[in-house]
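Here is a briefing on a pocket and on the strands that help to line it. Have the sequence and the model open as you read.

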Amino acid sequence: YAGDMSGYFGNTVLCKYANGDETKIYVEKDGTFTVIPTGHPQSSGTWKDDGNTVCYTQTAPAPGPNEKLVCNSSQARKVGDSWTVTDPLGGTCTATLATGKQ
């Protein structure tokens, strides 16, 4: 059902871009997340789920003027699921939920 984020906890979202870059995203039960992109600094922040949409607010480092809030459907995900994500700068990647911390 919408609003069930439990599939993310303890696992890794691997987001692959068309150019081959890959970003790792860790979503934690305590409402925090960490993003580790290829070739860019790590960022982190908080997430909030209203039952339909989950939004990720970057807090460290502070987002730049061109970075947008990232919001996605909060439908339940399980390991092996894939979906398309738009990043804070408007790029898109294919996200796959992978087992464990990678």
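Strands (E, at least two residues) are DSSP runs, numbered from the N terminus. Two strands pair if DSSP finds at least two bridges between them. The model is predicted: local features need pLDDT of at least 70, side-chain atom pairs count only at pLDDT 80 or more, and totals for chains, interfaces and linings use all residues. Residues are numbered from 1 along each chain as its sequence is written, and side-chain values use heavy atoms, without hydrogens and water.

**Largest pocket**
- A pocket is an open set of points on a 1 Å grid over the protein atoms alone, where a 1.4 Å probe fits, with protein on both sides within 12 Å along at least five of seven lines.
- The largest pocket has a volume (space filled by probe spheres set on the points) of about 860 Å³.
- Its lining counts 38 residues, and Tyr17, Val35, Ser43, Asp87 and Pro88 are the closest to the centre; lining residues have an atom within 4 Å of a point.
- The lining has 22 nonpolar residues (Ala, Val, Leu, Ile, Met, Phe, Trp, Tyr, Cys and Pro), 5 charged (Asp, Glu, Lys and Arg) and 11 polar (the others, Gly among them).
- Several strands supply at least two lining residues each, including β1 (12–16), β3 (32–37) and β8 (92–98).
- β5 gives the most, with 4 residues.

**β5 and its partners**
- β5 spans residues 53–60.
- β4 (residues 43–49) pairs with β5 in the antiparallel sense over 6 bridges.
- Thr46 has Thr57 in β5 as its bridge partner.
- The β4 and β5 hairpin has 3 residues between the strands, and Gly51 takes a positive phi near 100° there.
- β5 and β6 run antiparallel, joined by 4 bridges.
- Tyr56 has Val70 in β6 as its bridge partner.
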